[in-house]
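I set an hour aside to look at where the ligand goes and what surrounds it. These are my notes, kept short so that you can follow along at the bench.

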Amino acid sequence: MQKLVFLTGAGISAESGITTFRDSGGLWEQYRVEDVASIDGYYRDPQLVTNFYNERRRQLQDAQPNEAHKLVAQLEAKYDVCVVTQNVDDLHERAGSTNIIHLHGELRKITSSRNPNDPSQIETLPPGKSITYPDDRARDGSPARPFIVWFGEPVPMIEAAARQVAEADIMVVVGTSLNVYPAAGLVNYARTDAHIYLIDPSPTNVPQYLNIHVIAKKASEGMRQLCNEL
Ligand code: OAD
């Protein structure tokens, strides 16, 4: 079986009603990254950060996987698929993908603010619970924080993701502005004989030194085209 690795970003969830970050009307027009997505911001104003992620969970509760997530999952019938995602939503899981690497954490999980990457500290919120409070405690007694990789923090899953990309026969990048490293650098791990596709209605930062087949369409339509071309 050929190996197919996806790298997805906020754009794949846009048609599910999830707000992207850098598009016009995106989250980073409404909030300052350093306020809601950095460890300093969290210590400065835990209530603001807690509210921000509560709102993201509320938005996710009303969202359903779209056709693009479903087509990614269906490709498991023909390919050895790994989904590397920058998204913190669980729409790939809910669409049926079984091999997913979350580079930037997961919205439905909380963890210790003392040891955020200790697996024994990471807890999934029970179904139906989407609100957390700044005085919630993690298992080790420290304040519970969202299980999100914030700016300036290490990205523990990047090596596992790079290994997957290095094994790919086909790599497909969907709905990411390729602004945020190290995720944006993953394309550089692809073998020189790998086929690389990029699906995005407004492709930006497409590395010109790589031979990338750009499908300038929204995720669902672009995924339909990809499935026809594969
Ligand atoms: P961005 O908001 O930076 O980029 C979204 C991309 O999706 C853009 O290239 C859009 O053109 C594209 N897009 C918009 N609508 C689309 C659609 N319907 N179908 C397909 N593509 C569409 O989001 P990311 O690249 O995912 O990190 O951002 C990377 C990281 O920056 C995020 O994981 C987040 C953010 O800060 C953290 O919060 C740690």
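The entries below go through the ligand, its pocket and then a second pocket.

**Entry 1: what I am looking at**

I am working with a predicted model, so I keep that in mind throughout.

**Entry 2: the ligand's neighbours**

I first asked how many residues surround the ligand. I found 23 of them, and the closest are Phe21, Arg22, Thr176, Ser177 and Asp200. I then sorted this shell by class: nine residues are nonpolar, nine are polar and five are charged.

**Entry 3: backbone contacts**

Next I looked up backbone atoms beside the ligand. At Ala10, a backbone N or O atom lies 2.8 Å from a ligand oxygen atom. For Gly11, I noted a backbone N or O atom 3.2 Å from a nitrogen atom of the ligand. Gln86 also brings a backbone N or O atom to 3.2 Å, here from an oxygen atom of the ligand. I then checked how much of the ligand is covered: on its own it has 790 Å² of accessible area, and the protein covers 94% of that.

**Entry 4: the pocket that holds it**

Which pocket does the ligand sit in? I found it in the largest one. I get about 1000 Å³ of space for this largest pocket. Its lining has 50 residues, and Gly9, Ala10, Phe21, Arg22 and Asn87 are the closest to the pocket centre. Two names here were already on my list of residues closest to the ligand, namely Phe21 and Arg22. Ala10, with its backbone atom 2.8 Å from a ligand oxygen, is another of the residues closest to the centre.

I also asked which elements give two or more residues to this lining. They are α1 (27-30) and α4 (46-61). Of the elements, α4 gives the most, with five residues. By class, I count 26 nonpolar, 16 polar and eight charged residues in the lining of the largest pocket.

**Entry 5: the second largest pocket**

I moved on to the second largest pocket, which has a volume of about 280 Å³. It is lined by 18 residues, and those nearest its centre are Asn117, Phe147, Val149, Pro156 and Met157. The elements giving two or more residues to this lining are the strands β3 (100-102), β4 (105-112) and β6 (144-148). I sorted this lining too: 11 residues are nonpolar, four are polar and three are charged.

**Entry 6: to keep**

My bookmark for next time is the largest pocket, where the ligand sits, with α4 as the element that gives the most to its lining.

Conventions. Residues are numbered from 1 along each chain as its sequence is written. This is a predicted model: local features need pLDDT of at least 70, side-chain atom pairs count only at pLDDT 80 or more; totals for chains, interfaces and linings use all residues. Side-chain values use heavy atoms; hydrogens and water are left out. A residue is near a molecule or strand if one of its heavy atoms lies within 4 Å of it. A polar contact is a pair of N or O atoms within 3.5 Å; within protein, one must be able to donate a hydrogen and the other to accept it, and residues adjacent in sequence count only if both atoms are side-chain atoms. Accessible areas come from the Shrake-Rupley method with a 1.4 Å probe; for residues, only the protein chains shown count as cover. On a 1 Å grid over the protein atoms alone, a cavity is a set of points where a 1.4 Å probe fits but cannot get out, and a pocket is an open set with protein on both sides within 12 Å along at least five of seven lines; lining residues have an atom within 4 Å of a point. A molecule sits in a cavity or pocket if more than half of its atoms lie within 2 Å of its grid points. Ala, Val, Leu, Ile, Met, Phe, Trp, Tyr, Cys and Pro count as nonpolar, Asp, Glu, Lys and Arg as charged, and the others, Gly among them, as polar. Grid points are joined across faces, edges and corners, and a volume is the space filled by probe spheres set on the points. Helices (H or I, at least four residues) and strands (E, at least two) are DSSP runs, numbered from the N terminus.
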